[in-house]
Amino acid sequence: MDFEIKEQGERLTENLAHLEKLFGGMTWSIGRLEEAIGNNLTVLQSQSWKILSQQIACANHDQLRNEIFDIVPKPGLSDDVQSLLELDSYRRKGPFGSCRDEPSKMSGKYLIRLEGEDEPFEAYCEQTKFGGGWLVIQHRFDGSLNFFRNWTEYRNGFGIVDREFWIGLERLHQLTQRKTYQLIVEIEDYGGDQRYARYTEFGIGSESELYKLKRLGAFSGTAGDSMAYHKGFNFTTKDRDNDGAPTNCAVTSEGAWWYNNCHHANLNGRYWNVVDPRSFSWYKLKNNYQGLAYSRMMIREV
């Protein structure tokens, strides 16, 4: 009898030890599970904050953007800020029917659409000089862009609208056939002498008309009238000889223009500081072919 009680006690002790071992294992597992859950909750919380932050940023994006771009550019703003403001004007404002229709009256890049169904195009609007509302059609100031190009390039246009640039004869024809435009030509020589020539009317024909300079109004200004010599003449390039001269004036003048025989204006000629008929020049400025440092041609509706 005592032996049986002793044996039962030993088995009970063994069972209790086994249960303690199992309980200890369960306690350890529960601890690891709690730790894992805690880590996952931390990750989920972090992700939740990120998602919430993104939602707040998205919700406030338009408001912040409008507040930033309501700033009016002033002298002294950094180039980065100025570029950002100009980019906003280009993307958000427009397209407009013309530079004159652009409401901010700040010079810069804009989208212009001639009529309702036309494809808009990028343009540079001069909004401060000569009363503003001017569309730049040609610009040269550092010689970085080659202007000795073929017919197709002059028809389609080339360059960057706020750098050296040619708008393209076809676009110029489309513009000037629909409305009456005036023309201003700004020039500057290497001595810093700045002049201008203004014409009350300007228009060119279609490609089938060889983009003839069909309309050129009365002259006024300080540069002298170098355009009158070209009125009524076709546009000529190095690969399309449409002038009345014995040789191709675009080749001999290293440019492209409404050449007569050959030119008083060669604003698409070679960019160099010499007296030469091949120079980018305006003859009536000093009655010679001295190369210029700067030119800009602009048109505006009458």
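Which residue lies over the face of Phe158, and at what distance from the ring centre? In this predicted model, the residue is Arg149, placed 4.3 Å from the centre of the Phe158 ring. A second arrangement of this kind involves Arg270, whose charged end sits over the ring of Trp272 at 3.9 Å from its centre.

The chain contains 302 residues, of which 37% are buried. Its secondary structure consists of 5 helices and 12 strands. Among contacts with a separation of 6 or more, 49% are made by residues 24 or more positions apart. The exposed area of the chain is about 16700 Å², and 53% of this is supplied by carbon and sulfur atoms.

A search of the whole structure gave 15 aromatic pairs. One of them joins Phe96 and Tyr110; the pair is edge-to-face because the ring planes stand at 65 degrees, with the centres 6.2 Å apart. Phe96 belongs to the loop between helix H2 (79–92) and strand E1 (108–112), whereas Tyr110 is part of strand E1, so that distant parts of the chain, 14 residues apart, are linked by this pair. Both residues, Phe96 and Tyr110, are buried. The rings of Tyr271 and Phe280 are 5.6 Å apart between centres and their planes meet at 20 degrees; since this angle is under the 30 degrees that limits stacking, the pair is stacked. Tyr271 is partly exposed, its relative accessible area being 22%, while Phe280 is buried, with a value of 0%.

Aromatic pairing also extends beyond isolated couples. Phe147, Tyr154, Phe158, Trp166, Phe202, Phe235, Trp257 and Trp258 are linked by ring pairs into a cluster. Phe158, a member of this cluster, is the residue whose ring face is covered by Arg149.

Phe202, also in the cluster, has a place in the largest nonpolar core as well. In soluble globular proteins, nonpolar side chains tend to be buried together. The core here comprises 57 residues, and Leu183, Phe202 and Trp282 touch the most other members. Strand E6 (residues 181–188) makes the greatest contribution to this core, with 5 residues. With neighbours within four places in sequence left aside, the contacts of Phe202 include Tyr181, Gln182 and Leu183. Further contacts of Phe202 are made with Ile137, Leu172, Thr176, Leu213, Arg215, Leu216, Trp258 and Ile299. Trp258, one of these contacts, is itself a member of the aromatic cluster.

Conventions: Residues numbered from 1 in each chain as written. Predicted model: local features only at pLDDT ≥ 70, side-chain atom pairs only at ≥ 80, totals over all residues. Heavy atoms only, no water. Helix = DSSP H or I, 4+ residues; strand = E, 2+ residues; numbered from the N terminus. Buried < 20%, exposed > 50% of the residue type's maximum accessible area, 1.4 Å probe, protein only. Contact = heavy atoms within 4.5 Å. Areas by Shrake-Rupley, 256 points an atom, 1.4 Å probe, with all protein chains shown as cover. Phe/Tyr/Trp six-rings, centres within 6.5 Å; stacked < 30°, edge-to-face > 60°. Lys NZ or Arg CZ within 6 Å of the ring centre and 35° of its normal. Core = buried A, V, L, I, M, F, W, Y, C linked by side-chain atoms within 4.5 Å.
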